[in-house]
Amino acid sequence: MAVKLNKKAFENAKHLIRDGKTVKDARDDWSEHAPSADDENAFLDKNGHAEYSKWFLGVDDEHPDDQKGHYKFPFGDFKKIHRCAVISAESRAGQYDYDDIRDALGKLLEKIDED
């Protein structure tokens, strides 16, 4: 699997943090805060794949970019970046040796915790 850093999503995440669009939730909250499949589909239908892609720090070249499977490591709910999502994604990226994604998530977490 060729998963690499989605630089547009990284820029979007930094912009959200600068604008104060963050949820400083607890580490284990992502399972409750993550968008449902219905939420994802509704966002895709309304906004398309280009906007959808801005909410995932990883892209998988084994899947076409018009499929949800192409996008990995979500960090928010399509409105705000969630601290719990960043922590969860950072852990998973580290487990699978996606160092560039893990490092980007670590930088985002530092910025979230600075505020």
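In which loop is D97 found? This predicted model places D97 in the loop between α4 (83-95) and α5. Phi of D97 is near 60°, a positive value in a residue other than glycine. Most residues other than glycine have a negative phi. Is D97 buried or exposed? Its relative accessibility is 60%, over the 50% cut-off, so D97 counts as exposed.

Follow the chain onward into helix α5. Helix α5 spans residues 99-114, and helix α1 spans residues 7-18. The axes of these two helices come within 10 Å. They cross at roughly 5°. Angles under 35 degrees count as roughly parallel, and α1 and α5 are therefore roughly parallel to each other.

Which residues make the contact between α1 and α5? From α1 come F10, A13, K14 and I17. From α5 come A104, K107, L108, K111 and I112. Sort the residues of this contact by type, and six are nonpolar, three are charged and none is polar.

One of the charged residues deserves a closer look. K14 lies in helix α1. Is K14 buried or exposed? Its relative accessible area is 19%. Buried means under 20%, so K14 counts as buried. The side chain of K14 makes a polar contact with the side chain of E11, at 2.9 Å. Leave out residues up to four places away in sequence, and K14 touches L108 and K111. Both L108 and K111 are in α5.

Now turn to the sheet. It is an open sheet of three strands, in the order β1-β3-β4. The pairing is antiparallel. Strands of a sheet pair through backbone hydrogen bonds, either parallel or antiparallel. Which strands form the edges? They are β1 (3-5) and β4 (71-74), and each pairs on one side only. Neighbouring strands of this sheet are turned by 30° against each other on average, with direction ignored.

Look at one pair within the sheet. Strand β3 covers residues 56-60 and pairs with β4 in the antiparallel sense. How many bridges join β3 and β4? There are three bridges. V59 stands opposite Y71 in β4.

The sheet also meets a helix. Helix α5 lies across β1, β3 and β4. It runs at about 35° to β1. So α5 has two kinds of partner: helix α1 and the strands of the sheet.

Stay with strand β4 a little longer. F73 lies in this strand. F73 is not a glycine, yet its phi is positive, at about 65°. D97 also has a positive phi. The settings of the two residues can be set side by side: F73 is buried, with a relative accessible area of 3%, whereas D97 counts as exposed.

Past β4 comes a loop that leads to β5 (81-82), and F78 lies in it. Is F78 buried or exposed? F78 is buried, with a relative accessible area of 12%. Which residues surround F78? Leave aside its neighbours within four places in sequence, and F78 is in contact with P35, D39, E40, F43, Y52, W55 and F56. One of these, F56, belongs to strand β3. F78 and N47 are 31 residues apart in sequence. In space, the two are 10 Å apart, C-alpha to C-alpha.

Notes. Residues numbered from 1 in each chain as written. Predicted model: local features only at pLDDT ≥ 70, side-chain atom pairs only at ≥ 80, totals over all residues. Heavy atoms only, no water. Axes fitted to C-alpha atoms, helices over the stretch in contact; angles between N-to-C directions. Helix = DSSP H or I, 4+ residues; strand = E, 2+ residues; numbered from the N terminus. Parallel < 35°, antiparallel > 145°, perpendicular 65-115°, else oblique. Contact = heavy atoms within 4.5 Å. Nonpolar A, V, L, I, M, F, W, Y, C, P; charged D, E, K, R; others polar. Pairing = 2+ DSSP bridges. Buried < 20%, exposed > 50% of the residue type's maximum accessible area, 1.4 Å probe, protein only. Polar contact = N/O pair within 3.5 Å; in protein donor to acceptor, adjacent residues only side chain to side chain.
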